[in-house]
Amino acid sequence: MGKILLFSIIFDVFFIETCAISSEEGIHYFKQLDFLTDHTRSKRDSETFSYGNEDEPDTSSQQRNVRDTEEQDKQCQVIAKDKLKDGVSMYMFEDTNENLALMWTGDHGESLLALTTLEYFIFAAPSHVWVSKDFGKTFENIDSKMNGATIKGSHGIFRHLTAYKKVLLVAYPTGGDPYKSKLYITIDGGDSFEEVEINFTPEGPIIPNPIHPDWLLAHSPNQDYTLWFSGDFGRTWQKVRQNVIEYAWGTPEQKTEELVFMSVMPEGKRVDNDDLSLSLVRMDPYGRNKKTIKDNIYNFGCQGKFLYAATDKEGTDNKNKTKVLHISTDGGKKWNIAQVPGIFGDMFFAVLDMSEGMVILHVDDAGDTGHGKLYTSDGDGIIFSLSLDKHLFPNHATVTDFYKVQSMRGVYMASQMDEDDGIHTRISFDRAGEWDFVDAPKGAKCREGVQNELCKLQIHSRYSQVKQIKVPSIPISNKQAPGLILAHGNVADGLELSDPDVYVTSDGGYNWTKALDGPHQYAITNFGGLIVAISKKNYTTNTIHFSYDEGHCWHQYNFTEEPLVITGLLPEPSSRSLTVSVWGFGEVDRMWRVFTLNFSTVLTEPCKSGDFLVWEPHERNGKAGCFLGKKESFRKVKPDAFCRISKEFEIVPVSNSACECEKVDYECDFGFYRTDNSDVCQLSTYVDISDLDICKGGNEDEIKTNGYRKIPGDQCQGGYQPHRAIEDLHKKCSQDMQESNYMVQKKHKSTVAALMALLSVLVIILVTIYYIQSKGLCKRKSRGIYRYSELNQGDHEEQVLDVSPGPDTYHDDSDDDMLG
């Protein structure tokens with residue numbers, strides 16, 4: 001069965017998280033067990049590791065690239081780091097519960113709420129709730145305000161989306177009734193709590209509405225899979241309906257933000273039934289206006305303007321089922337089938353991102369290879385083109401190294417497998433249009449025997465963590481720090497087993513430098529004006545490293561005399577302030593400790609206008625900073641400014657202008673592809689047109705292409721326009737209608753010949769219209785030209801396309817109107 005089970009798991013997790021923001025956002029979970037390690041574990045060497053390789057390699061050939069810190073320190077400004085001791089405070093909890101959940105609850109980051117729990121299988125020790133009102137310098141135990149209730153360690157604490165002082169705690173059932181529970185609700189950050197008794201036991205996340213944050217959805221699978229709704233942040237609840245498997249709020253982009261989408265199983269069925277068939281239902285949270293919008297689905301998902309449902313393809317038997325994705329951009333009123341090459345049988349596929357007005361989809365290759373293909377959609381989410389081959393997605397695991405960079409528009413990173421099952425990192429600067437290797441820092445060298453052209457920077461992420469490589473933090477970036485990315489990596493021809501180092505880029509990934517030796521936990525705050533890190537080379541530490549110049553110069557400070565097991569490094573949630581909390585526990589007593597560090601004692605001077613520079617994203621892309629037809633610039637602090645940025649500072653474009661169109665603003669249309677080192681889109685001789693469903697919304701659409709289409713969302717104007725013969729690829733509006741190809745003849749220089757050709761075309765059109773109307777095959781309310789993105793290179797020789805040359809014209813209708 002391959003990844004059938006994994007298919008369900010991935011869609012469950014992904015679609016719930018993308019359909020609505022979870023009220024668990026901003027909550028940090030730490031388990032002491034995750035940090036208790038075997039100190040005798042042998043050190044790994046720098047041998048490149050392969051997919052599925054579990055053997056420990058020989059350590060005799062280990063070579064490491066070590067930064068010359070003394071030389072770099074000579075170029076760094078000497079600062080009075082001892083002043084930081086005036087900004088350090090410590091609090092030790094009289095608490096030995098091993099699990100900790102932490103959140104910021106103040107409007108300006110001054111308040112924190114901590115929950116400690118201890119759970120083993122069905123046993124749960126008493127929980128403890130703590131509140132701080134002074135940035136974590138001191139805490140107060142407030143268990144008495146919960147009347148001694150035991151709060152759940154998993155999905156037991158939720159924060160309001162916008163009003164951070166409003167928090168909801170979920171207690172375990174008491175009084176002998178497993179179907180009754182209690183909630184404890186505070187609207188003042190923990191000063192007072194209201195106890196609410198409810199007639200169900202919530203399991204899983206509580207989902208807030210995107211525009212009405214007091215509207216909540218909760219689920220009780222143990223009570224007939226019932227979905228519940230609260231319109232007053234948990235004080236009162238009402239039943240929405242039973243037999244609900246998945247649930248999500250609609251989105252403002254689809255104008256369905258006040259509606260609930262849910263997958264529902266029939267009465268009397270069980271989730272483990274082999275023949276379980278789900279229906280996708282849309283209704284308001286009060287149970288009104290119920291409508292089934294898609295039958296026989298596996299699961300569904302939504303983000304932005306897209307609503308997806310996965311089903312079996314009609315006409316396929318149980319033995320040879322083929323999965324298809326149905327797409328809607330109007331909340332399920334109309335559906336279209338995604339044109340994705342190569343999904344057959346029980347092949348696993350997962351939607352990775354839908355946030356850029358397009359969809360990025362992974363589809364497994366046949367067999368348990370651990371890799372597949374990445375596809376990107378057009379602006380309507382219907383037609384997919386090949387983006388990256390042999391994309392790593394491990395078998396029987398729910399992790400992927402696919403990462404969207406938040407600090408610069410259009411940048412993604414992913415891992416790709418080699419022919420020998422080695423793994424290397426690829427990066428895209430154009431929304432997964434093209435993928436490059438990550439250039440190694442200048443002067444960095446690979447181990448002996450690696451060719452220079454293969455010597456690249458390899459980024460470690462979630463798969464490395466699964467392989468037990470010491471990677472404390474995956475790549476991080478945020479919108480408040482333009483261009484800045486921190487990541488663990490090694491310079492080699494592939495990912496290595498040795499402990500990685502920390503690398504930093506301040507231009508969105510074009511150029512990298514080595515920042516710190518060995519693995520670290522790290523965080524970014526103060527709009528990128530401060531980076532903090534704690535080494536994880538050793539089991540315990542008492543030292544923090546910090547940089548004020550985007551990771552070029554680093555300073556260290558011993559914030560305590562006692563080495564601790566560090567579990568978390570948390571800046572204030574807006575990433576604006578200079579306050580950082582360090583969380584950990586004692587190696588012997590196992591008691592939790594929190595250190596609050598205020599770096600404003602070091603960065604004492606506020607930034608002035610002369611301390612900022614104007615930075616252009618993608619300025620090093622060889623296109624004068626143009627990206628998707630637009631050039632923009634931002635203000636960011638100079639690396640050597642040595643000042644603190646005001647909390648009121650805003651990251652907004654200071655300029656925004658359209659660019660002239662170039663070849664890079666176009667991608668290959670359906671049935672066309674680019675060969676390596678070529679920007680020409682060539683027509684494929686093998687395109688499977690038998691599965692194309694072009695009757696979009698019940699209206700026939702004439703599919704013509706010249707081989708190119710403007711990239712969805714591209715805003716370029718004028719400039720380059722591709723010129724090529726238009727190919728009429730396919731018409732199809734029902735399964736009764738035969739496919740046909742239309743040859744478009746060349747223009748003749750002779751006027752008479754041109755008129756004759758025009759009359760012939762008109763006759764053909766009139767005959768075609770009469771035929772289709774007489775058969776009643778399609779309505780004719782619209783005849784849009786839809787661009788197709790990439791070929792399905794199957795073995796279908798009987799369906800070779802007509803490649804006769806056509807008129808030298810081009811239709812400049814990009815997908816901007818689709819993106820909304």
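The following dialogue reads a few features of a predicted model, from its confidence values to its disulfides and its surface.

Trainee: What should I know before I look at single residues of this model?

Mentor: This is a predicted model, in which local features need pLDDT of at least 70 and side-chain atom pairs count only at pLDDT 80 or more, while totals for chains, interfaces and linings use all residues. Residues are numbered from 1 along each chain as its sequence is written, and side-chain values use heavy atoms, with hydrogens and water left out.

Trainee: What is the mean pLDDT of the protein chain, and where does pLDDT stay under 50?

Mentor: pLDDT is the predictor's confidence in each residue, from 0 to 100. For the protein chain the mean is 77, and 74% of the residues reach 70 or more. Over residues 54–74 pLDDT stays under 50, and the model has 39 contacts (heavy atoms within 4.5 Å) for them beyond four places in sequence. Residues 767–820 are also below 50, and this stretch has 164 contacts in the model beyond near neighbours in sequence.

Trainee: How many disulfides does the count come to?

Mentor: A disulfide is a covalent bond between the sulfur atoms of two cysteines. The rule used here takes a pair of cysteine sulfur atoms within 2.5 Å, and by this rule the count comes to 4 disulfides. One of them is formed by Cys-446 and Cys-455, whose sulfur atoms are 2.1 Å apart; with 105° about the S-S bond, this link is right-handed.

Trainee: Is Cys-446 buried or exposed?

Mentor: Buried means under 20% relative accessible area, exposed means over 50%, and partly exposed lies in between (1.4 Å probe, protein chains only). Cys-446 is buried, and Cys-455 is buried as well.

Trainee: Which parts of the chain does the pair of Cys-607 and Cys-643 link?

Mentor: Strands are DSSP runs (E, at least two residues), numbered from the N terminus. The sulfur atoms of Cys-607 and Cys-643 are 2.0 Å apart in a disulfide, and the pair links distant parts of the chain, 36 residues apart. Cys-607 is in the loop between β42 (592–598) and β43 (612–615), and Cys-643 is in the loop between β44 (630–637) and β45 (653–658). Cys-607 counts as buried because its relative accessible area is 18%, and Cys-643 is buried because its value is 6%.

Trainee: Which cysteine does a disulfide join to Cys-626, and is the link left-handed or right-handed?

Mentor: Cys-626 is joined to Cys-659, with an S to S distance of 2.0 Å, and the link is left-handed, with -95° about the S-S bond. This pair also links distant parts of the chain, 33 residues apart, with Cys-626 in the loop between β43 and β44 and Cys-659 in the loop between β45 and β46 (660–661). Both cysteines, Cys-626 and Cys-659, are buried.

Trainee: Where is Arg-431, and what is its phi?

Mentor: Arg-431 lies in the loop between β30 (423–428) and β31 (436–437), and its phi is near 60°, a positive value in a residue other than glycine. Arg-431 is buried because its relative accessible area is 4%.

Trainee: Where is Asn-296, and is this residue buried or exposed?

Mentor: Asn-296 is in strand β20 (residues 291–303), and its phi is near 55°, again a positive value in a residue other than glycine. Asn-296 counts as exposed because its relative accessibility is 52%.

Key: Helix = DSSP H or I, 4+ residues; strand = E, 2+ residues; numbered from the N terminus.
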